[in-house]
Amino acid sequence: MFPVKMLPFRRLPSTTVGQCFTLVRSFTGGITQWAKKAEQLESEEPAAEELPVTFVDDDAESTEARDARIAALRNKSRLLPQHRNMLHGVLPYEQSQSWIHDTVKYKRMMLGRYGIDGSKVDPRVCFPTKKEAYERAEYERVAFPFSLKQMMDANESERKARKAQIEAREAEVARKLEKLDQWTADLNARIAKKEAEARAAKERKDRLVEEVRRHFGFKVDPRDERFQEMLALKEREDRKKVKEAKRKEKEEKMMEKLQKKTAQLEADIEVPSGEKTKQ
């Protein structure tokens, strides 16, 4: 005899034992219910609707029921009735299934798609009511207050004004293009004058610096204080000379203008005296 080692007995919790008994009870109960249902199905006789077509008594069912059953057997598409009706061009629903099916928009759509006979819709629904006609007329009056003739006249006036504006713009561009050569010459003249003035100023500055150096008789640093004072003095004298030259030039121009005016007046006086002598 071999020695047998006994394992220690482990006690399970009460909750685990209860769950096991519940699971076993539910499993056995399900098997029992399934067995009862199988016996019930075996004891019942199959209905006429579930029998094949060859076993259905044609005399027992009506023609409409027979046609409906055959149509159901022919339907192999597995489409919903409304979708199959749409596929065959028939009204999807015989009765309203939603509030949308009672709206005027939906009825008008069905009437336009399936016709009067196919849609079973009163065609008067396509015409506006008195309220809708009044609201539409009021909208037209507010949104489009002008008549067709008025809008055409306004469009014609706007077109003429736009055309006149374009023509004026083109004429202005052409006039400016004619003056382009003169403007270019004036611009070049102003640029040349500025350059000449800049060169004259530089030459005058160099001349004054050279005069200051000759005044001292030796080479002096331009940053020297004495050089700067003498240069400022020379610049003041030069500005006075330039101012005097401009004043004389202005006086000469004024004298020339006065002489021209005097000669013009004398000529005007001599002409009437000659006419009187002839008379």
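Hi everyone. Before anything else, one definition: when I say helix, I mean a DSSP run of H or I with at least four residues, numbered from the N terminus. With that in hand, here is a spot to look at: Gly217, just after helix 7, takes a positive phi of about 80 degrees. Please keep in mind throughout that this is a predicted model.

Let me give you the overall layout. The chain has eight helices and zero strands, so if you read the elements from the N terminus you get α-α-α-α-α-α-α-α. Of its 279 residues, 8% count as buried. As for contacts with a separation of 6 or more, 21% of them join residues 24 or more positions apart.

Now, helix 7, which covers residues 180-216. Why do we say that its length agrees with expectation? Helix 7 has 37 residues, and at 1.5 Å a residue they should span 54 Å; the C-alpha atoms at its ends are 54 Å apart, so the two values agree. The expected figure takes 1.5 Å times one less than the number of residues.

Which residues of helix 7 are buried? Leu208, Val209 and Val212 are buried there. As a general point, an α-helix has 3.6 residues a turn, so residues three or four places apart point the same way. Those three residues also belong to the largest nonpolar core, along with Phe227, Met230 and Leu231, which makes six residues in all. Helix 7 and helix 8 each supply at least two residues of this core. If you want one residue to click on, try Val209: leaving aside neighbours within four places in sequence, Val209 is in contact with Phe227 and Leu231. In soluble globular proteins, nonpolar side chains tend to be buried together.

On to the pockets, which I suspect is what you came for. The largest pocket holds about 250 Å³ of space. Its lining is made up of 13 residues, and the closest to the pocket centre are Leu91, Tyr93, Ser96, His101 and Ser119. Sorted by class, that lining has five nonpolar, four polar and four charged residues.

The second largest pocket has a volume of about 160 Å³. What lines the second largest pocket? Arg204, Asp238, Arg239, Val242 and Lys246 do. Helix 8, residues 225-278, gives the most to this lining, with four residues. By class, the second largest pocket has one nonpolar, no polar and four charged lining residues.

Next, a stop at Gln82, which is found in helix 3, residues 81-87. Is Gln82 buried or exposed? Gln82 counts as buried because its relative accessibility is 18%, and the cut-off for buried is under 20%. Not counting residues up to four places away in sequence, Gln82 touches Pro92 and Tyr93. Tyr93 is also among the residues closest to the centre of the largest pocket. The C-alpha atoms of Gln82 and Glu94 are separated by 9.2 Å, and these two residues are twelve apart along the chain.

Now for some backbone angles. Most residues other than glycine have a negative phi. Arg78 is not a glycine, yet Arg78 has a positive phi of about 60 degrees. Arg78 lies in the loop between helix 2, residues 63-74, and helix 3. With a relative accessible area of 82%, Arg78 is exposed.

Lys120 is another such case: it is not a glycine either, and its phi is positive, about 60 degrees. You will find Lys120 in the loop between helix 4, residues 104-119, and helix 5, residues 130-143. Lys120 is exposed too, with a relative accessible area of 60%.

Last stop: Phe127, which is found in the loop between helix 4 and helix 5. Phe127 counts as exposed, at 60% relative accessibility. How far apart in space are Phe127 and Arg108? Phe127 and Arg108 are 9.7 Å apart, C-alpha to C-alpha, and 19 residues apart in sequence.

To recap the places to open in your viewer: the core that helix 7 and helix 8 both supply, the largest pocket of about 250 Å³, and the positive phi values at Arg78 and Lys120. Thanks for listening!

Conventions: Residues are numbered from 1 along each chain as its sequence is written. This is a predicted model: local features need pLDDT of at least 70, side-chain atom pairs count only at pLDDT 80 or more; totals for chains, interfaces and linings use all residues. Side-chain values use heavy atoms; hydrogens and water are left out. On a 1 Å grid over the protein atoms alone, a cavity is a set of points where a 1.4 Å probe fits but cannot get out, and a pocket is an open set with protein on both sides within 12 Å along at least five of seven lines; lining residues have an atom within 4 Å of a point. Grid points are joined across faces, edges and corners, and a volume is the space filled by probe spheres set on the points. Ala, Val, Leu, Ile, Met, Phe, Trp, Tyr, Cys and Pro count as nonpolar, Asp, Glu, Lys and Arg as charged, and the others, Gly among them, as polar. A nonpolar core is a set of buried Ala, Val, Leu, Ile, Met, Phe, Trp, Tyr and Cys residues joined through side-chain atoms within 4.5 Å. Buried means under 20% relative accessible area, exposed over 50%, partly exposed in between (1.4 Å probe, protein chains only). Contact means heavy atoms within 4.5 Å.
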